[in-house]
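Here is a friendly walk through one protein chain, written for the bench. Have a look at the model first, and then we can go through its charged pairs, its fold and its surface together.

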Amino acid sequence: MLQNSWMATAAEQRDSSPDEAGGGSEMAAGIMSVVQPSVEALDRQIVNTKRAQAHLNEQIELVSEVLHGIGDDSEYDLLEYVNKVEESKKRINRSGAVLEKIHDRLSQLQRDIARQIHKEKTDMHAPAPAPPKR
């Protein structure tokens, strides 16, 4: 794959001289010798990934067949369980909404209390108003 094309390019660069048209150089060969192991490792990883994906696809197909078998089997009434899960989800969402409203109310109450305390403290420390002029 990629490995063969990189190796062929490296071999061509080593075999050609810098004087030839399109020829390589020692620097290009040096760069290629540094980069080539990484490219080869990447190529191996790509091949392994493709194998793993093919294996995963086979496993997904097996699971799909089992699930279709369960769905077709009259022994299990999945619709009943789906309805229970949906009802539970609705209750959880309602509870979450109620908790969020309670949290908002408590936060507002906390802010109001903090404002009142601050107001009382500033009123206590404020100098007494000057007596009215007559």
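A salt bridge here is a side-chain nitrogen of Lys or Arg within 4 Å of a carboxyl oxygen of Asp or Glu. By this rule, the count for this chain comes to three salt bridges. Please keep in mind that this is a predicted model.

**The salt bridges**

The table lists each pair with its N to O distance and the accessibility of both partners.

| Pair | N to O distance | Relative accessible area of the basic residue | Relative accessible area of the acidic residue |
|---|---|---|---|
| Lys84 and Glu80 | 3.6 Å | Lys84, 46% | Glu80, 36% |
| Arg94 and Glu87 | 3.9 Å | Arg94, 48% | Glu87, 38% |
| Arg115 and Asp112 | 3.2 Å | Arg115, 52% | Asp112, 35% |

How far apart along helix α3 are Lys84 and Glu80? These two are four residues apart, so about one helical turn separates them. Arg115 and Asp112 also belong to helix α3, and because they are three residues apart, about one helical turn lies between them too.

Is Arg115 buried or exposed? Arg115 counts as exposed, because its relative accessibility of 52% is over the 50% cut-off. Its partner Asp112, at 35%, counts as partly exposed. Lys84 is partly exposed, and Glu80 is partly exposed as well. For the remaining pair, Arg94 is partly exposed and so is Glu87.

**The fold and how confident the prediction is**

Stepping back to the whole chain, the secondary structure consists of three helices and zero strands. Following the sequence, you will meet the pattern α-α-α.

Confidence varies along the chain, so here is where to look with care. The mean pLDDT of the chain is 77, with 78% of the residues at 70 or more. Helix α3, residues 78–125, has the highest confidence, at a mean of 86. The lowest is found in helix α1, residues 2–15, with a mean of 51. For residues 16–21 the pLDDT is below 50, and beyond near neighbours in sequence this stretch has five contacts in the model.

**The surface**

How many of the residues are buried? Of the 134 residues in the chain, 7% count as buried. The accessible surface comes to about 11,900 Å², and carbon and sulfur atoms account for 59% of it.

One part of that surface is a nonpolar patch of about 740 Å². Its members are Val63, Val66, Leu67, Ile70, Leu78, Leu79, Tyr81 and Val82. Which helices supply residues to this patch? Helix α2, which covers residues 26–72, and helix α3 each contribute at least two.

Val66 is a handy example from the patch: this residue is found in helix α2. Val66 counts as exposed, because its relative accessibility is 52% and exposed means over 50%.

**Putting it together**

Helix α3 turns up in several parts of this account. This helix has the highest mean confidence and supplies at least two residues of the nonpolar patch. Helix α3 also holds the pair Lys84 and Glu80, along with the pair Arg115 and Asp112.

Technical notes
Residues are numbered from 1 along each chain as its sequence is written. This is a predicted model: local features need pLDDT of at least 70, side-chain atom pairs count only at pLDDT 80 or more; totals for chains, interfaces and linings use all residues. Side-chain values use heavy atoms; hydrogens and water are left out. pLDDT is the predictor's confidence in each residue, from 0 to 100. Contact means heavy atoms within 4.5 Å. Buried means under 20% relative accessible area, exposed over 50%, partly exposed in between (1.4 Å probe, protein chains only). Accessible areas come from the Shrake-Rupley method with a 1.4 Å probe; for residues, only the protein chains shown count as cover. Patches are made of residues with over 30% relative accessible area and no salt bridge: like charges are joined within 9 Å, nonpolar side chains (Val, Leu, Ile, Met, Phe, Trp, Tyr) within 5 Å.
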